[in-house]
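Student: Please pick one part of this protein and take me through it closely. After that, I would like to follow the description outward into the rest of the chain.

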Amino acid sequence: GLDSTFVKGVGLIENFFASSFTGRKIHELLIINELNFIDQSIYNKEIINNIEEKKDKKFHLTYIWLDIKELKAADFSPAIILDMLEKDDFQHYINKD
């Protein structure tokens, strides 16, 4: 991971749904925070590659920077995050879909 500093809490999304695999009811919490990278040169990179390891498996991840306008045009989920990013105060949403 990359070292970062906490700026502020942006919001909390609570999702209530049934698992498509087990049928069990799920209550998921998505906590969204604004962070700043300590190494400012990260902001100049168009692509950031990372490898995460979990239980003897490696996952190769690629991150790209997108403008909010580009995110709005993309298939971004959950879409409510885009609204949260444009507000100054902490937002709390409950999704029961």
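Tutor: Strand 3 and strand 4 form a hairpin with 2 residues between them, and in this turn Lys-55 has a positive phi of about 50°. Before going on, note that this is a predicted model, in which local features need pLDDT of at least 70 and side-chain atom pairs count only at pLDDT 80 or more, while totals for chains, interfaces and linings use all residues. Residues are numbered from 1 along each chain as its sequence is written, and side-chain values use heavy atoms, with hydrogens and water left out. Helices (H or I, at least four residues) and strands (E, at least two) are DSSP runs, numbered from the N terminus, and two strands count as paired if DSSP finds at least two bridges between them.

Strand 3 covers residues 47-54 and strand 4 covers residues 57-64, with Lys-55 in the loop between the two. The two strands run antiparallel and are joined by 8 bridges; to take one example, Ile-48 has Tyr-63 of strand 4 as its bridge partner. Asp-56 is found in the loop between strand 3 and strand 4 as well, and its phi is also positive, near 65°, although Asp-56 is a residue other than glycine. These values deserve attention because most residues other than glycine have a negative phi.

How open is this hairpin? Here buried means under 20% relative accessible area, exposed means over 50%, and partly exposed lies in between (1.4 Å probe, protein chains only). Lys-55 has a relative accessible area of 79%, so it is exposed, and Asp-56 counts as exposed too because its relative accessibility is 86%. Strand 4 is hardly covered, since the count of buried residues among its 8 residues is 0. In strand 3, Ile-51 counts as partly exposed, because its relative accessibility is 46%. If contact means heavy atoms within 4.5 Å, then Ile-51 touches Lys-58, Phe-59 and His-60, leaving aside residues up to four places away in sequence. By contrast, Ile-51 and Glu-70 are 19 residues apart in sequence and 25 Å apart in space, C-alpha to C-alpha.

Following the chain past strand 4, we come to Trp-65, in the loop between strand 4 and helix 1. Rings of Phe, Tyr and Trp (its six-membered ring) pair if their centres lie within 6.5 Å, and planes under 30 degrees apart count as stacked, over 60 as edge-to-face and the rest as tilted. By this rule the count comes to 3 aromatic pairs. In one of them, Phe-37 and Trp-65 have ring centres 6.1 Å apart and planes at 75°, so the pair is edge-to-face. This pair links distant parts of the chain, since Phe-37 is in strand 2 (residues 25-37), 28 residues from Trp-65. Phe-37 counts as partly exposed because its relative accessibility is 21%, and Trp-65, with a relative accessible area of 40%, is partly exposed too. Together with Tyr-43, these two residues form one aromatic cluster.

Further along, the peptide bond from Ser-77 to Pro-78 is cis, with omega near -5°, whereas most peptide bonds are trans. Pro-78 is found in the loop between helix 1 (68-73) and helix 2 (80-85).

Helix 1 also holds Lys-72, and Glu-86 is in the loop between helix 2 and strand 5 (91-95). A salt bridge is a side-chain nitrogen of Lys or Arg within 4 Å of a carboxyl oxygen of Asp or Glu, and by this rule the count comes to 1 salt bridge. Its partners are Lys-72 and Glu-86, whose side chains meet at 3.0 Å, N to O. Lys-72 counts as partly exposed because its relative accessibility is 45%, and Glu-86 is likewise partly exposed, at 46%.
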